[in-house]
Structure formats: C-alpha cells, structure tokens
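User: I am new to this structure and would like a close look at a single part of it. Please treat the salt bridges and their surroundings in one connected account.

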Amino acid sequence: MARLIIYEEIETSETILETFELSSTRILIGSDPDNNLVLQSPDIDSSHASLELRNNLWVLQDLGGPGGTGVNGKVIQGPYYLTHNDLIELGPIKLSFQEKALVEETPLEDDTPTPPVPIKIEPSPSPVKGRVWFAFIAGGTLGVIFIIMFLLIVAHLLNVIEISDLLPLLMILS
C-alpha cells in the first residue's frame with residue numbers, strides 16, 4: 001500500500017506533520033473538508049489535486065490550484081505517474097510519495113543479496129482530458145452554430161427561404 005508523508009520545511013529542518021495511507025483508489029486533496037486529504041493553507045485550493053490508482057500506478061492530477069501542483073521541483077501539466085520517493089509540492093506543503101512494492105525474493109546460490117532494480121514506467125501519451133476536452137467540445141458546438149447561421153443568411157439572400165418563416169415569434173411581433 002502506498003502512503004504520503006506530509007511535512008513542512010522550516011529553514012534547514014523538516015517536520016513531519018502526518019502520514020496518510022492511500023487506502024482507496026481515488027484521493028481528493030484540498031482545503032475543503034469533503035476531501036479525502038484536507039490541507040489547511042491559504043495557498044491550497046478547495047479541490048487542489050487528485051491521486052488515482054490506474055493499472056497499479058498512482059497518477060497525480062492538478063485540479064487548478066492557485067500555485068499549481070509540482071513534482072520534484074517541476075510544475076505538472078496533466079496526469080503524472082508517481083514513483084517511489086517523488087516529492088509533491090502543493091504550495092508550501094510538501095508530500096513525499098512512498099510506495100511499498102512487493103518484491104519476490106528468490107534464493108541465490110551464494111546467499112548474496114541483490115539490490116532491487118528500480119523500474120520506471122513511462123506513461124504513453126494520453127488523449128485530451130479535462131478542461132481541454134471541454135474547450136474542444138464547446139468550440140466545435142460554436143463552430144456548428146456559426147455554419148448554420150451562415151447557411152441561413154446565404155439562403156435568405158438567394159431568396160431560397162424567408163428567415164421570418166423560421167421564426168414565428170417575429171411574425172407575431174411585426
């Protein structure tokens with residue numbers, strides 16, 4: 001099971017505030033009391049970030065907090081697949097991602113322990129998600145509306161249709 005170690009850094013020392021076990025597959029992080037992990041700070045948005053377990057990997061997603069969401073000193077711009085010891089930064093609050101991976105132990109002939117080899121899985125490029133997806137849909141809808149309006153105006157100018165026939169309310173008012 002994975003966990004987050006929440007701490008604050010004061011000058012040269014670190015103070016661990018809490019250890020938070022990731023016990024469900026979706027964790028909402030923010031200042032709102034309805035979140036799974038509530039962080040009280042003026043720089044933390046009510047719904048700041050989320051963690052989701054996908055295919056046995058934890059994915060961090062920024063939800064639009066004022067200072068953004070950083071991992072290992074870089075601001076993330078979409079889903080970010082976490083690895084052991086990644087440092088998540090939400091404003092002034094730091095969270096260390098700790099993953100307890102199950103490692104199969106195989107006995108060696110000379111009884112010399114072999115250190116585990118870290119494996120980093122790079123995510124494949126993901127399709128358009130979230131707010132960007134909504135912007136594409138809204139833009140496409142507006143485009144369709146403008147095309148219909150353009151065709152109606154051209155048909156009216158060519159005397160194919162009378163726009164007032166399409167709008168019975170205008171006929172009543174005129």
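Which side chain meets that of R54 in a salt bridge?

Analyst: In this predicted model, the side chain of R54 meets that of E52 in a salt bridge, at 3.7 Å from N to O. E52 also takes part in a salt bridge with R26, where the N to O distance is 3.5 Å. This second pair links distant parts of the chain, since R26 belongs to strand β3 and E52 to strand β5, 26 residues apart. R26, E52 and R54 are thus linked in a network of salt bridges.

The three members of the network can be placed by their accessibility. R26 is partly exposed, with a relative accessible area of 39%. E52 is partly exposed at 26%, and R54 is partly exposed at 22%.

The strands around this network also contribute to the nonpolar interior. The largest nonpolar core has 22 residues, and L51 is among those with the most contacts inside it. Both β3 (26–30) and β5 (49–54) supply at least two residues of this core. Leaving aside neighbours within four places in sequence, L51 is in contact with several residues, including R26, L4, L22 and W58.

The structure holds three salt bridges. Besides the two in the network, E89 and K94 meet through their side chains at 3.8 Å, N to O. In this pair E89 is partly exposed, with 22% relative accessibility, whereas K94 has a relative accessible area of 15% and therefore counts as buried, the limit being under 20%.

Technical notes:
Residues are numbered from 1 along each chain as its sequence is written. This is a predicted model: local features need pLDDT of at least 70, side-chain atom pairs count only at pLDDT 80 or more; totals for chains, interfaces and linings use all residues. Side-chain values use heavy atoms; hydrogens and water are left out. A nonpolar core is a set of buried Ala, Val, Leu, Ile, Met, Phe, Trp, Tyr and Cys residues joined through side-chain atoms within 4.5 Å. Buried means under 20% relative accessible area, exposed over 50%, partly exposed in between (1.4 Å probe, protein chains only). Helices (H or I, at least four residues) and strands (E, at least two) are DSSP runs, numbered from the N terminus. Contact means heavy atoms within 4.5 Å. A salt bridge is a side-chain nitrogen of Lys or Arg within 4 Å of a carboxyl oxygen of Asp or Glu.
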